[in-house]
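Open the model in your viewer and keep the selection box at hand. The tour goes from the whole chain to helix pairs, then to single residues.

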Amino acid sequence: MGFPLDHETPRAWVTLVERQPTRLLEDHAHCELKAASSAHALIAKNPEHTELVQDLADIAIEELEHFKVVVSELESRGGCLGEQVENRYAATLHRRSAQSRQSLVLDRLVIAHLIEARSLERFHLLAEYSTDARLRELFAELLPSEAAHQGFYAKAARNLFGREQAEARIARLRREEGEVMSELPFSYTVHSGMVGAPDLAQAER
Ligand SMILES: [Fe+2]
Ligand SMILES: [Fe+2]
């Protein structure tokens, strides 16, 4: 499938979110804000790694720029940003990782890598299959930097913890990500799960 993930999202997800694009955009705006916050939190936990701190600061700035772009698209469609709600996908992933965690920093890096990978997979679907030209354009614009973030977090985990430990943790948490996907409902959010999703083979025939 080309993404380091266990479950492939069916194209029917694009059809679903297109029915209510402002709900997708509102959810996504908050995802961008949370991505910036998670970069801040990693800076606070790793002040001694100066190169990492610089890179994370760049990511935080980029995520806030994405936030502004997504909010302005939301507002141009008559939507408005509501209060932030818990992202069940990310919260469940963090909670499940705690059961076998050896390092909070390693897990935060690996989970950031997986969240970026899942976002990227769904942006690809939107950029390719949305019937809404502006949504296709918007998500195609966001793709390159989210692809870079996905790679950056995996590389940072390898640099700080060694290839073997980082890869073992990526493999373990990738399995957890697959389980979380199989427990959450299929819906309009960027990190919705697969419960109730049409069968992939059926949906794309
Ligand atoms: Fe982003
Ligand atoms: Fe990102």
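What follows is a list of stops, each with something to select and what is there.

**Before you start**

This is a predicted model, in which local features need pLDDT of at least 70, side-chain atom pairs count only at pLDDT 80 or more, and totals for chains, interfaces and linings use all residues. Residues are numbered from 1 along each chain as its sequence is written, while chains are lettered from A and ligands numbered from 1 in the order in which they are written.

**Stop 1: the whole chain**

Show the protein chain as a cartoon. How many helices and strands does the protein chain have? There are eight helices and zero strands. Helices (H or I, at least four residues) and strands (E, at least two) are DSSP runs, numbered from the N terminus. Read from that end, the order is α-α-α-α-α-α-α-α. The radius of gyration, taken over C-alpha atoms, is 17 Å, close to the 17 Å of the globule rule (2.2 Å times the number of residues to the power 0.38) for 205 residues, so the chain is as compact as a globular protein of that length.

Switch to the C-alpha trace. Its span along the principal axes is about 45 × 35 × 30 Å. Now colour by burial. A residue is buried if 20 or more other C-beta atoms lie within 10 Å of its own, exposed if 12 or fewer, and partly exposed in between, with C-beta atoms placed from the backbone. Of the 205 residues, 39% are buried.

Next, contacts. Two residues are in contact if their C-beta atoms, placed from the backbone, lie within 7 Å. Among contacts between residues at least 6 apart in sequence, 72% join residues at least 24 apart.

**Stop 2: α5 with α6**

Select residues 104-129 for α5 and residues 133-161 for α6. Axes here are lines fitted to C-alpha atoms, for helices over the stretch in contact, and angles run from 0 to 180 degrees between N-to-C directions. The two helices pack at about 155°, with axes 8 Å apart. That makes α5 roughly antiparallel to α6. The classes are roughly parallel (under 35 degrees), roughly antiparallel (over 145), roughly perpendicular (65 to 115) and oblique (the rest).

The crossing of α5 and α6 is left-handed. A crossing is left-handed if the near helix is turned anticlockwise from the far one by less than a right angle, and right-handed if clockwise. The contact has 20 nonpolar, five polar and three charged residues. Ala, Val, Leu, Ile, Met, Phe, Trp, Tyr, Cys and Pro count as nonpolar, Asp, Glu, Lys and Arg as charged, and the others, Gly among them, as polar.

**Stop 3: α5 with α7**

Keep α5 and add residues 163-181, helix α7. Their angle is about 55°, and the axes lie 10 Å apart. That makes α5 oblique to α7. The crossing is right-handed. Show sticks for Leu106, Asp107, Val110, Ile111, His113 and Leu114 on the α5 side, and for Ala166, Arg169, Ile170, Leu173, Arg174 and Glu177 on the α7 side. This contact divides into seven nonpolar, one polar and four charged residues.

**Stop 4: α4 with α5**

Swap α7 for residues 88-98, which are α4. The axes of α4 and α5 come within 11 Å and cross at roughly 145°. This crossing is right-handed. Ala90, Leu93, His94 and Ser97 of α4 meet Asp107, Ile111 and Ile115 of α5. By class, that gives four nonpolar, two polar and one charged.

**Stop 5: single residues**

Go to the loop between α3 (50-76) and α4, and pick valine 85. With 10 C-beta neighbours inside 10 Å, valine 85 counts as exposed. Its C-alpha atom is 8.4 Å from that of histidine 30, 55 residues away along the chain.

Cysteine 80 sits in the loop between α3 and α4. Is cysteine 80 buried or exposed? Cysteine 80 has 9 C-beta neighbours inside 10 Å and counts as exposed. Draw a line to aspartate 199: the C-alpha atoms are 33 Å apart, across 119 residues of sequence.

Move into helix α3 for glutamate 65. It has 13 such neighbours inside 10 Å and counts as partly exposed. From glutamate 65 to histidine 30, C-alpha to C-alpha, is 12 Å.

End in helix α6, at arginine 134. Arginine 134 is exposed, with 12 other C-beta atoms within 10 Å. Its C-alpha atom is 17 Å from that of aspartate 27, 107 residues away along the chain.
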